[in-house]
Amino acid sequence: MSATPDPRLLSIFDYTYELPAARIAPEPLPNRDQSQLLVYRQGSLQDRRFTDLPTELPADALLVFNNTKVVRARLFCHKPTGASWSCFAWSR
């Protein structure tokens, strides 16, 4: 997958992959700062911890925080043409 500068050219298939359930944490760690952090730099991957994040970021990095709370809500929609689709809704 290569970087695409124009978001209109992105494809969901670029982000579709198999992820075994055993690789997904069912609950957060008691000490959240001990969560795993995967670092990609110059073609190599390193396993780190979230506490390492300050040393991994460049000095001029901009961090944007998302404090949105997710509500499990799936909407099922139907068009007059008969087509159907679904989406997930969230609230703050």
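**A colleague's note on the salt bridges and strands**

1. Let's start with R48, which is partly exposed, with a relative accessible area of 25%. Keep in mind as you look at it that this is a predicted model.

2. Which partners does R48 have? The side chain of R48 meets that of D52 in a salt bridge, at 3.2 Å from N to O. R48 also forms a salt bridge with E56, and here the N to O distance is 2.2 Å. Salt bridges with shared partners tie R41, R48, D52 and E56 together into one network.

3. Now have a look at R41. Its side chain and that of E56 come together in a salt bridge, 2.5 Å from N to O. This pair connects distant parts of the chain, 15 residues apart: R41 belongs to strand β1 (residues 36–41), and E56 to helix α1 (residues 53–56). In total, the count comes to 3 salt bridges. If you wonder what lies behind such pairs, side chains of opposite charge can pair when their charged atoms come close.

4. Is E56 buried or exposed? E56 counts as buried because its relative accessible area is 14%, and the cut-off for buried is under 20%. D52 comes out at 21% relative accessibility, so D52 counts as partly exposed. R41 has a relative accessible area of 38% and is partly exposed. So, try clicking through these residues in the viewer and compare what you see.

5. Zooming out, how many helices and strands does the protein chain have? There are 4 strands and 1 helix. Read from the N terminus on, the elements follow the order β-β-α-β-β.

6. The hairpin is a good place to practise reading strands. β1 pairs with strand β2 (residues 44–49) in the antiparallel sense, over 6 bridges. For a concrete example, Y40 has L45 in β2 as its bridge partner. Between the two strands of this hairpin there are 2 residues, and Q42 takes a positive phi near 50°. When you trace a strand by eye, remember that in a regular strand the side chains alternate between the two faces of the sheet.

7. Further along, A73 sits in strand β3 (residues 73–78). A73 is partly exposed, with 26% relative accessible area. Where does C87 lie relative to A73? The two are 14 residues apart in sequence, and their C-alpha atoms are 8.5 Å apart in space.

8. Next, the surface. L10, I12, F13 and Y15 make a nonpolar surface patch of about 490 Å². One of these residues, L10, is found in the segment before β1. L10 is partly exposed, with a relative accessible area of 41%.

9. Finally, some totals for the whole protein chain. How much of it is buried? Of its 92 residues, 3% count as buried. The chain exposes about 9400 Å², and 57% of that is supplied by carbon and sulfur atoms. Looking at contacts between residues at least 6 apart in sequence, 2% join residues at least 24 apart.

10. If you take one picture away from this note, make it the charged group. R41, R48, D52 and E56 are joined into one network by salt bridges that share partners. In that network E56 is buried, at 14%, while R48 is partly exposed, at 25%.

Note on methods. Residues numbered from 1 in each chain as written. Predicted model: local features only at pLDDT ≥ 70, side-chain atom pairs only at ≥ 80, totals over all residues. Heavy atoms only, no water. Salt bridge = Lys/Arg side-chain N within 4 Å of Asp/Glu carboxyl O. Buried < 20%, exposed > 50% of the residue type's maximum accessible area, 1.4 Å probe, protein only. Contact = heavy atoms within 4.5 Å. Areas by Shrake-Rupley, 256 points an atom, 1.4 Å probe, with all protein chains shown as cover. Pairing = 2+ DSSP bridges. Patch = residues over 30% accessible without salt bridge, like charges linked within 9 Å, V, L, I, M, F, W, Y side chains within 5 Å.
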